[in-house]
Amino acid sequence: MGRLSELEQFLQQQVDEGQRDSSGQFTLSRDKALEKLAAFQLPRASAWVLKVVQGVVASQAPSLTIKQTSTDTEFYFDPAQAWTLAMIEAAFYDPESSDSLALDYLKRGLWAVSLNEMRPFRLALPNHPEALVWTGQEFRRAAGQSPDSVSLMVSHRTLFEGKGIILLRSFEAARVNAQILEELTQFAYVCSIPLTVDRRRIDALQACPSHGQSASSYPIRLGFAKADLPNLTIPPGSLSGYIPKEAGDSRMARVFQSQVTIPSLISVGLLLTAHVARVKEGRTTVWRCQKRDSCIYWVLDGVVVAREALLLPDFSVSCAVFASAQGLRTDLTGFNLARDEVRSARRRKICAAAGQLIRDSSLSLEALISGGKSGSYVLGTLLLASGTMLAFASPFHGVALVGGGLYTVATAGSTERALEVELKLELERLRELWNTA
């Protein structure tokens with residue numbers, strides 16, 4: 001059993017004290033304000049973690065480290081401006097938008113878990129001898145060691161669930177951790193600062209769930225463009241530091257061509273991707289193309305706030321376009337963009353910039369073709385040698401093997417070449433129809 005976090009130790013103490021309180025009721029302080037705040041709903045239960053990420057990005061912290069344990073999710077970061085516990089507590093209780101964008105994001109994420117789900121959290125600041133703890137019913141100050149950076153711990157459970165329980169059951173903790181990790185990998189891979197989750201970097205456009213590198217998707221080009229649009233900060237792991245969780249075929253992965261020169265100011269990012277996979281057909285394994293749509297990912301302060309499918313047919317070569325949602329109207333959650341003329345006008349500019357990147361793109365499977373040839377040559381040579389030796393004992397079988405060897409050598413790389421031709425045709429179709437997006 002691992003060492004209990006400071007939050008968990010505090011909660012266990014509260015549980016022990018609570019057992020002496022026969023009322024069993026939680027009386028929320030500042031009822032009227034909290035009643036308004038509790039009505040705040042995010043689109044998904046785990047989306048609160050994205051608000052925390054946005055808060056860290058808006059705080060201009062240089063990086064964010066997230067750790068998942070059996071009892072809580074922990075965040076460590078250094079905001080550019082110093083915070084105080086009083087400042088954070090005041091922002092939390094204020095139902096209006098905070099003057100500080102970072103604290104506004106942070107409190108909205110914490111509302112979802114602390115008020116709607118009644119889950120405790122603990123926030124500690126550097127050079128502060130006390131931490132701010134939401135117990136599930138009110139704020140308290142708890143003594144503790146001052147951390148080197150801002151430390152936020154959010155419990156997996158409510159205080160009610162904690163009575164008589166020291167730790168969450170392992171399967172429950174795994175479920176909660178999996179949901180949070182899924183939220184981060186699906187929507188926070190566009191984070192504009194280094195984002196590490198349990199020592200794994202996820203801040204890279206190549207980590208895109210629909211067009212990033214995997215066993216069935218192979219990025220062809222990562223391109224950037226400048227236009228009359230809000231600036232977009234590229235996730236730093238896109239250029240270095242990112243290791244795909246699922247790399248796929250190493251030869252096919254060499255289709256990737258990263259843009260060498262990156263503009264100082266970027267408005268549009270593009271991930272042009274080939275969607276192919278190795279599939280079993282009888283006793284053999286072959287490459288087969290898969291159709292996928294093209295889309296725009298709208299990004300705001302380090303997370304994807306909306307995905308918009310483009311009005312194009314699904315192709316085996318498609319693209320994910322990344323652009324800023326800064327200045328567009330949203331609902332209260334910030335995860336639903338208004339469909340108005342401002343958004344439509346921005347969309348047209350984004351598509352025009354992305355279209356130029358697509359027109360300038362090329363595709364080559366030379367590494368895959370060369371690998372296919374080498375493998376076929378080796379197999380063909382073995383068949384020829386075996387057939388020649390077997391011909392003296394069994395002419396019929398020897399001739400069959402020799403014929404198979406000659407055919408294998410003659411057709412070496414043909415299936416890979418056919419795949420290249422098919423993907424190039426798909427890329428050309430995408431170019432031709434892009435203006436209709």
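Here is a walk through one helix pair and a handful of salt bridges in this structure. Keep in mind that the model is predicted.

Let's start with the helices. Two packed helices are described by the angle between their axes and the distance between the axes. Look at helix α4, residues 85-93, and helix α5, residues 101-116: their axes come within 9 Å and cross at roughly 65°. That angle makes α4 roughly perpendicular to α5. The crossing itself is right-handed.

Who actually touches whom? On the α4 side you'll find M87, I88, A91 and F92, and they meet L103, K107, L110, W111, S114 and L115 of α5. Sort the residues of this contact by character and you get eight nonpolar, one polar and one charged. K107 deserves a second look, since this contact residue of α5 is also linked with D104 and R108 in a network of salt bridges.

That brings us to charge pairs. Side chains of opposite charge can pair when their charged atoms come close. The structure holds 19 salt bridges, and three of them are worth clicking through.

Take D293 and R307, whose closest N and O atoms are 3.0 Å apart. D293 sits in the loop between β13 (284-289) and β14 (295-300), while R307 belongs to strand β15 (residues 303-309), so this salt bridge ties together parts that are 14 residues apart in sequence. How well covered are the partners? D293 is buried, with a relative accessible area of 18%, whereas R307 counts as partly exposed at 39%.

Strand β15 also supplies E308, which forms a salt bridge with R343; here the closest N and O atoms are 3.0 Å apart. Because E308 lies in β15 and R343 in helix α8 (residues 341-359), the pair ties together parts 35 residues apart in sequence. Is E308 buried or exposed? It is buried, with a relative accessible area of 8%. R343 counts as buried too, at 6% relative accessibility.

The last stop is E366 with R417, a salt bridge whose closest N and O atoms are 4.0 Å apart. This one runs from helix to helix: E366 is in α9 (residues 366-391) and R417 is in α11 (residues 414-433), so the pair ties together parts that are 51 residues apart in sequence. As for exposure, E366 counts as partly exposed at 37% relative accessibility, and R417 is partly exposed with a relative accessible area of 33%.

Technical notes:
Residues numbered from 1 in each chain as written. Predicted model: local features only at pLDDT ≥ 70, side-chain atom pairs only at ≥ 80, totals over all residues. Heavy atoms only, no water. Axes fitted to C-alpha atoms, helices over the stretch in contact; angles between N-to-C directions. Helix = DSSP H or I, 4+ residues; strand = E, 2+ residues; numbered from the N terminus. Parallel < 35°, antiparallel > 145°, perpendicular 65-115°, else oblique. Left-handed = near helix turned anticlockwise from the far one by under 90°. Contact = heavy atoms within 4.5 Å. Nonpolar A, V, L, I, M, F, W, Y, C, P; charged D, E, K, R; others polar. Salt bridge = Lys/Arg side-chain N within 4 Å of Asp/Glu carboxyl O. Buried < 20%, exposed > 50% of the residue type's maximum accessible area, 1.4 Å probe, protein only.
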